[in-house]
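Open the model in your viewer and keep the selection tool ready. This tour moves through pockets, a cavity and the nonpolar cores.

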Amino acid sequence: MILGIDHGYYAIKTRNCSFPAGITPFGDREPYTRQNVLTFGGCFFVCGSGRQPIQRDKTASDNYYLLTLAAIAQELQARGAPRECGVTIAAGLPLTSYGREKPAFRKYLLRNAGQPTEFAYEGKKYRITIEDVLLFPQGFTALMTQPDLLADEPSLLLLDIGGWTVDLMRIDNGRPNIGTCHSLEFGMIRCIDEIRERVRQETGLSLTDAQIEQMLAGQPCSLSDEVRNIVNKQGRLYTERLFSAVMEAGFDLHAMPLVMLGGGACIVNRHVSPKDGLCRVIPLLDDRVNAIGFERALGRVQGAVSEG
C-alpha cells in the first residue's frame, strides 16, 4: 500500500488527514485520554498537541518517527484498511536540501525495514511493516495534482508556504529549474509569533495559535473587533513582506504566474491585494496536496518499473 506523508514543521499531512506536529511524551504513565494517543515501546505519547520546537534536523530525535506511526494509523483508519499490513511511504524534502538530507531521512524512516513494527493508536493495536521509503521534491510533486498547469504555462513560480520555511522554485516548460531554488526562513510560525506579540503589546491579551489561525482564515472567534483588526493588519503586513522577500530573491511576481501551496497558502491568499500587481495567483489551498502528490509520484515510479 502506498502512503504519502508530508512531514511539516507545523503539521503532519497524509492524503486524508492533517494534524499538528506537536508530540507530548507521558513515559509509562497512561494519559487522561485515548484521543491521539500513541503507545510505542511501553511508552505513551499524545500526538498533535500544538507544535514542537523547531527541529532543523528531523532525524535528531524520535519525534518524527513517532509522528509517522501516528500518521499511518490515522490514514489506515480513514481508508478503512487493515491494521496489519505492509506500506511503502512516499515522503518529501525541500529541493534545496534534497540531495543532502535524503539518505539520512530515508534511513531514519526505514529503521525497522522489512520487519513489523507493533504499536497502538487510540487503543487499537497495529502491526505495520514499512517495506520501503521513497523521497520526492516537495512542492513540485504537488503539481502532479494539477497537470494542466504545467501544460498551459511556460514558466511558473512555485511558492510552498510551510511552518518554518517558504520554498521557492521556478518551473520552466514543465520542469523545475534547479538553479532557481531558494528556501526562506519566513514561514507561518514567524507570522503567528509576530501577531501574538503585537496583540500582547497593544491589548495585553495572550492569544493561542489556534485563535490566531482562526482569525487569519476569516473564521468566527469570540474576540473583539480591535483584536481581529490587529491580527488581519499583521496578516497583510506578513504577506507584503513575503512578496518583497520573493522579489529580492530574484523572482518577478509581476511577470510570472504564482502557484501558492502549503499550510500558509490559504492565509496568504486571503491577504493578497490588487495593489500587489501580481501576474496571476493560482492557490492550491488543500494543505494535504504535497502528500497526495507524493503518492501519485510513487505510483508513476512503480508503474514505470513494472512496465520496464
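Which residues line the second largest pocket? In this predicted model, select Phe-136, Pro-137, Phe-140, Thr-141, Leu-143, Met-144, Pro-147, Leu-150, Gly-174, Ala-297 and Arg-300. Now color by element. Strand S10 (124–137), helix H3 (147–152) and helix H8 (289–307) each give two or more residues to this lining. By class, the lining holds eight nonpolar residues, two polar and one charged. The volume of this second largest pocket is about 150 Å³.

**Next stop: the largest pocket**

The largest pocket has a volume of about 970 Å³. Select Gly-8, Tyr-9, Tyr-10, Gly-162 and Gly-163: of the 49 lining residues, these are the closest to the pocket's centre. Then show the elements around them. Four strands give two or more residues to the lining: S2 (6–7), S3 (11–13), S4 (18–20) and S11 (155–161). So do the helices H2 (98–109), H4 (188–203), H5 (209–216) and H7 (265–270). The lining of the largest pocket is made of 18 nonpolar, 17 polar and 14 charged residues.

**Next stop: the cavity**

How many cavities of 30 Å³ or more are there? The count comes to one. Its volume is about 70 Å³. To find this cavity, select Pro-94, Leu-95, Thr-96, Gln-138, Gly-139, Leu-158, Asp-160, Asp-167, Leu-168, Met-169, Cys-181 and His-182. S11, strand S12 (166–172) and strand S13 (175–184) each supply at least two of the lining residues. S12 gives the most, with three. The cavity lining counts six nonpolar, four polar and two charged residues.

**Last stop: the cores**

Select Ile-72, Leu-159, Ile-161, Val-166, Tyr-238 and Leu-242. Within the largest nonpolar core, which has 74 residues, these touch the most other members. Then highlight helix H1 (residues 63–79), which supplies the largest share of this core, ten residues.

Zoom in on Val-166. What does Val-166 touch, leaving out residues up to four places away in sequence? Its contacts are Leu-159, Asp-160, Ile-161, His-182, Ser-183, Leu-184, Phe-186, Gly-187, Tyr-238 and Leu-242. Two of these contacts, Asp-160 and His-182, also appear in the cavity lining.

Finish with the second, separate core of 13 residues, which includes Leu-149, Met-169, Cys-181 and Val-259. Keep Met-169 and Cys-181 selected: both also line the largest cavity.

Technical notes
Residues numbered from 1 in each chain as written. Predicted model: local features only at pLDDT ≥ 70, side-chain atom pairs only at ≥ 80, totals over all residues. Heavy atoms only, no water. 1 Å grid on protein atoms, 1.4 Å probe; cavity = no way out; pocket = protein on both sides within 12 Å on 5 of 7 lines; lining within 4 Å. Points joined across faces, edges and corners; volume = space filled by probe spheres on them. Nonpolar A, V, L, I, M, F, W, Y, C, P; charged D, E, K, R; others polar. Core = buried A, V, L, I, M, F, W, Y, C linked by side-chain atoms within 4.5 Å. Buried < 20%, exposed > 50% of the residue type's maximum accessible area, 1.4 Å probe, protein only. Contact = heavy atoms within 4.5 Å.
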